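Dear colleague,

Please find below the structure that I am handing over to you. A summary of what was found in it follows.

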Amino acid sequence: MKTNPFTLILAVVAITSVCVTGCNAPAKKAEATTEQVAAKPDMAVIKTEIQAIETEWANATTAKDIDKVMALYADDAVEMADDEPMSVGKAAIRQVLLKSMKARKAGTTVSYETMDVYGDGHLVTEVGKTTIKDAAGNVVSAGKYMGIFEKRDGKFICIRDINNEDQKDK
């Protein structure tokens with residue numbers, strides 16, 4: 001069988017065309033990944049949750065219930081109280097808080113107000129203010145604090161706490 005030169009040229013052009021077109025084809029769109037983007041935490045909900053913890057904390061502090069206060073700290077927590085060395089671990093924190101509770105006059109009430117929270121929903125930093133009032137309702141001390149909470153076993157627990165007064169007694 002004889003091959004027509006025109007047929008041979010046409011075959012070479014067709015094969016070359018297919019190769020060039022295939023090499024210059026647009027890249028396929030990246031396939032959708034099965035990895036899901038984590039939803040951003042609702043910081044308003046977290047702020048409410050942290051404020052509830054702070055209200056529980058204030059009530060326990062006012063009642064001088066050291067066990068309830070200590071339940072809000074992680075075992076490995078660090079406390080940086082005003083005019084005290086850094087306290088590491090619950091045993092050390094307990095001693096500092098007992099000293100503070102003993103020094104507070106009878107009839108005083110403590111309140112904590114969560115001003116702001118930020119974080120990723122697992123680890124949250126809180127900025128707040130403290131107010132202590134005497135039995136007549138007069139402010140006798142005001143201060144500020146920062147707490148770092150970590151979600152463990154489905155609930156936030158304090159792992160770091162720093163606080164100080166706005167003005168020392170004169």
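A nonpolar surface patch is formed by Tyr-118, Met-146 and Ile-162, which together have about 260 Å² of accessible area. Patches are made of residues with over 30% relative accessible area and no salt bridge; like charges are joined within 9 Å and nonpolar side chains (Val, Leu, Ile, Met, Phe, Trp, Tyr) within 5 Å. Accessible areas come from the Shrake-Rupley method with a 1.4 Å probe, and for residues only the protein chains shown count as cover. Tyr-118 is located in strand S3, residues 109-119; helices (H or I, at least four residues) and strands (E, at least two) are DSSP runs numbered from the N terminus. With a relative accessibility of 42%, Tyr-118 counts as partly exposed; buried means under 20% relative accessible area, exposed over 50%, and partly exposed in between (1.4 Å probe, protein chains only).

Please note that this is a predicted model, in which local features need pLDDT of at least 70 and side-chain atom pairs count only at pLDDT 80 or more, while totals for chains, interfaces and linings use all residues. Residues are numbered from 1 along each chain as its sequence is written, and side-chain values use heavy atoms, with hydrogens and water left out.

I turn next to the salt bridges. Side chains of opposite charge can pair when their charged atoms come close. The whole structure contains 7 salt bridges, each defined as a side-chain nitrogen of Lys or Arg within 4 Å of a carboxyl oxygen of Asp or Glu. One of them joins Arg-152 to Asp-76, at 3.2 Å from N to O. This pair links distant parts of the chain, as Arg-152 belongs to strand S5 (residues 139-152) and Asp-76 to strand S1, 76 residues apart. Arg-152 also meets Glu-150 in a salt bridge, at 2.8 Å from N to O. Asp-76, Glu-150 and Arg-152 are thus named together as a network of salt bridges. Within this network, Glu-150 is buried at 18% relative accessible area, whereas Arg-152 is partly exposed at 31% and Asp-76 is partly exposed at 43%.

A further salt bridge pairs Lys-99 with Glu-84, whose closest N and O atoms are 2.9 Å apart. Lys-99 lies in helix H4 and Glu-84 in the loop between S1 and S2, so the pair ties together parts that are 15 residues apart in sequence. Lys-99 is exposed, at 54%, and Glu-84 is partly exposed, at 24%.

Helix H4 itself covers residues 90-103, 14 in number, and spans 20 Å from its first C-alpha to its last, close to the 20 Å expected at 1.5 Å a residue; the expected span is 1.5 Å times one less than the number of residues. Its buried residues are Ile-93, Val-96, Leu-97 and Met-101. Viewed down the axis of H4, the buried residues fall within an arc of 135°, so they line one face of the helix; the arc is that of the directions from the helix axis to the C-beta atoms. Ala-91, Lys-99, Lys-102 and Ala-103 are exposed on the other side of H4. The cover over its buried residues includes helix H2 (43-62), helix H3 (66-70), strand S1 (73-80) and strand S2 (87-88), where contact means heavy atoms within 4.5 Å.

Finally, Val-88 lies in strand S2 and counts as exposed, at 57% relative accessibility. Leaving aside residues up to four places away in sequence, Val-88 touches Ala-77 and Val-78. The C-alpha atoms of Val-88 and Val-78 are separated by 4.6 Å, although the two residues are 10 apart along the chain.

Yours sincerely
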